[in-house]
Amino acid sequence: MTAGAEDTDRGPGRPAALLIDASAEAIRATAGDAGGVYLRSPTPGLLRLSVLAGLPGPLFRPWWRVHTDSRSPAADAFRLGVRVVLPNATETMGRYPQFAAALPFPFGSLYVPVTAAGRTFGVLTVLRPAAADAAEVMAGVDRMERTARELGCALADLEAAGVPPFTWDEEPLCVRPPASRRTARGAGTFSWDPATGAVVADEPLRALLGAPGDGGGPATTAGPLEAFTAALAPEDGLRIAAALRQTAAGRPPPLPLHVRAANGSPRLVELWRPAGGPPGAAPVRGAVRDPLSGTLADAAADLLPDGVFCLDRLGMIGYANPRAAELLGRPRAGLSGHSLWEAVPWLDQAAYEDHLRGALLSHEPGHFHVRRPPDASRRTAPRAFEGDWLAVSVHPGADILTCVLRPANRMADAPPGQDPEAPGDPVTEPADPAPAAASMAPVYRPIVLAVALTEAVTARQVSEVVVRELLPAFGGRRLAIYLLQDRHLYLAWETGFPSGFLAPFEGVALDAKLPGVETLTSGRPLFFDSMQALSAAYPGIPLDAAEGARAFLPLIASGRPVGSCILGFDRGRPFGTEERAVLTALAGLIAHALEKARRYESESALARGLQQVLLPRRLPTHPRLETAGRYLPGTQGMDVGGDWYDVIASGDGMALVIGDVQGHGVQAAAMMGQLRSAVRAFALGDRPPDEVLSGTNRLLADLDPGLFASCCYLRLDPATGHARAARAGHPQPLVRHPDGRTEMLDLPGGVVLGVDPVAEYPLTEFRLDAGAVLALYTDGLVERPGFDIDDGVMALRVALSEAGAPAARPGGRSLARVADRLTATARHATDRPDDIAVLLAVRRPGPGEPP
């Protein structure tokens, strides 16, 4: 099923409650600040954040979605099935520079795949304070892995119980992290038992709600839930009762809750369910406090001349003094109990979000300026707005952020501790407060895009990176990339445009009066704030929308024209000076990446042609022997390598050969051709396998190409099934017997070819039964990063057994179909790091032999 927030109370085990509990346990186990769970999305190749504990959801929206083929820690943990431990920013930058550039703060992060029954459901992740090295966090990571396994087993049990596969396609559930300390002094506390419905409340709580009590009674009293909610406004009593039931079920509501006591005074309610109890049965605990007068500390803060307000780790404002309300242009009742972005919507800008993210992740204070909109200035007293800018200081704590506000023109450049308004102190306007408010995002974005482009080797991969990184960063919805060929522009990639709209522009010449052409011929980017502006500059040009903005960027690499890039936005917008400069710089990065991709594709086409010539176009036939071979190039890097297979008619027998040259590219393919020729030359002389490998080894050592190769060579007599084999550092062959059993042949081997010129290769003899399938393969078929190769070999044995025996009679299953089944999974993989070669042979029964 596709689960969202509405599914949290359905089905056995309440899946969302499992996710929330796992996040909380992982945070506790690793001393983390925040955590969450990524789950598979119904969209193939995509992970979505299902739970985010301890961080404001809106502030981390760019990380709600992760592509499984991206170079990110969560994607690697999911795709490779391994834990990823990043103890600090240095380790993160070394392994995942793109991720580090987007969150350039000193913190650590941990990622563990959620697996069970051979399946990966998602990734459990924790963000924590930076550690000196991985050793400091490994004990917590081990506990986190146990939690991930338990979560995986619980999700697998749900599916076994008939619940459809659990995926996520909603916004994440944002919940509070595990409580780190007792409730602050002056607040009232209570607990509710869902089994009995009883509420146990302390004396301060009764005072806060205006319930009867003189303060000298017992420390706690017990009563029904109705007595507790009766002390609140009627509609708030119903909300609290519903929130208690949701929390008990493992689905915490948005917290804290802003309610009113029976006398109308505001109160803040916080709820949490202690770890360890089953959903629906564990008691719920809560705290209530007065957000306006509250504690003595709050009362003291009310008198400060500076604005002060506090946020919890979900971005909820728990306290704001009168001066903060005045400076922000909002009443105090419109601040406390509301999220920062709901209460002060003009703070929801990328320019300020980096500073808040840094404070939440690094625990280091931040200082920046924000500009107030004119309407906020008009809503407050004139004293509050001596200028258009506010200086903001953010001081992070374990559970809250304390923010201090001052008008920017009171921020005289005085030394720390000096009163900027003391007599004799000059009060000066900052020369230019705007730079302090500017987001670091324009600086990070070229870094992020540049890092991502280094991993893109084809024009298609470059275009995919641009779609993934460039469009979201600037709010674009449409993209078209045109490449120059023979003085004409041809569409290489497009997304977001109406179907068929770009067809008339295909192959336009460089003398056409079109913005996509003129931006390339002039070398100047063209920006249009509206479609009307575009139409006025190019009368009669077809438009794909009535509203929107367009940017046309020249793609020029080292002075050579490559093509042009078109960015489309759904709404009109101005392009500021800084944004124009960043987009122009990014166009240069894209152009260099496309030029590199063009060279790569030319070299790759040459290498593929070379390899196609070197691999056998057809295998020799024999009445008693059927063979089938398959070759799959790696999908990472150049699509060619040094794996090969061959079948050679030699005397009365047939020689079966498979080998793997170290490395990839043209050099590996060329060396593979030399080895194949050498092996064929020795084989045609009808030499035994050990002599064939020894001779090839000496030849390779004499050539000294700087590469080595593994090889397995068998000589088989199809009439009798007698086989002799030798092996040079290559994986052991497999045999599927006619009854379905599989075994690994035990062939004593020598070192790989090209290392020791006098190496010897033991000769082994065995018999291949009629109907048995012999499987030779290279390590790319059984190796996977993060997994033991023995597990890969066992999986291949199972697949070979389940593939069935090729039928002896005409029209039955062919050996080619068995080869296709063995390579089916690898063929559809998009992240195959190594080449794969497979050679199968089956001996047909002769007269007197069972079929």
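**Entry 1: cysteines**

I began with C153 and found that this residue is partly exposed, because its relative accessible area is 42%, which lies between the limits of 20% and 50%. I then turned to C310, which takes part in no disulfide, since a disulfide would need two cysteine sulfur atoms within 2.5 Å, and I noted that the nearest cysteine sulfur, that of C403, is 7.6 Å away. C310 counts as buried, because its relative accessibility is 16% and the cut-off for buried is under 20%. When I looked through the whole structure for disulfides, the search gave 0.

**Entry 2: the model as a whole**

I should record early that this is a predicted model. In the protein chain I found 23 helices and 36 strands, and of its 851 residues 52% are buried. I also looked up how far apart in sequence the contacting residues lie: among contacts between residues at least 6 apart, 61% join residues at least 24 apart.

**Entry 3: confidence**

The mean pLDDT of the protein chain is 78, and 78% of its residues reach 70 or more. Over residues 410–443, however, the pLDDT is below 50, although this stretch has 41 contacts in the model beyond near neighbours in sequence. Residues 808–812 also have a pLDDT under 50, and for them I found 2 contacts beyond four places in sequence. I keep in mind that where pLDDT is low, the predicted coordinates should not be read in detail.

**Entry 4: helix α5**

What span should helix α5 have at 1.5 Å a residue? The 23 residues of this helix, 138–160, should span 33 Å, and I noted that the C-alpha atoms at its ends are 33 Å apart, so the two values agree. Next I listed the buried residues of α5, among them G140, V141, M144, L151 and L158. The buried residues of this helix pack against α1 (15–30) and against the strands β2 (34–40), β5 (84–86), β6 (107–116) and β7 (119–129). After α5 comes G162, which has a positive phi near 105°.

**Entry 5: strand β19 and its partners**

Is strand β19 largely enclosed or left open by the rest of the structure? I found that 6 of its 8 residues, which run from 389 to 396, are buried, so the strand is largely enclosed. On one pairing, strand β18 (residues 366–371) runs antiparallel to β19 and is joined to it by 6 bridges, with H369 standing opposite A391 of β19. On the other, β19 pairs with strand β20 (residues 400–407), again in the antiparallel sense, over 7 bridges, and here S393 stands opposite V404 of β20. A hairpin of 3 residues connects β19 to β20.

**Entry 6: nonpolar cores**

Before looking at the cores I reminded myself that in soluble globular proteins nonpolar side chains tend to be buried together. Which residues have the most contacts inside the largest nonpolar core? They are Y111, F309 and L340, in a core of 53 residues. Helix α12 (residues 350–362) gives the most to this core, namely 5 residues. I followed F309 further, setting aside its neighbours within four places in sequence, and its contacts include I317, Y319, L328, L340, L401 and C403. I also noted a second, separate core of 32 residues, which includes I20, V51, V85 and V112.

Definitions and conventions: Residues are numbered from 1 along each chain as its sequence is written. This is a predicted model: local features need pLDDT of at least 70, side-chain atom pairs count only at pLDDT 80 or more; totals for chains, interfaces and linings use all residues. Side-chain values use heavy atoms; hydrogens and water are left out. Buried means under 20% relative accessible area, exposed over 50%, partly exposed in between (1.4 Å probe, protein chains only). Helices (H or I, at least four residues) and strands (E, at least two) are DSSP runs, numbered from the N terminus. Two strands pair if DSSP finds at least two bridges between them. The expected span of a helix is 1.5 Å times one less than its number of residues. Contact means heavy atoms within 4.5 Å. A nonpolar core is a set of buried Ala, Val, Leu, Ile, Met, Phe, Trp, Tyr and Cys residues joined through side-chain atoms within 4.5 Å. pLDDT is the predictor's confidence in each residue, from 0 to 100.
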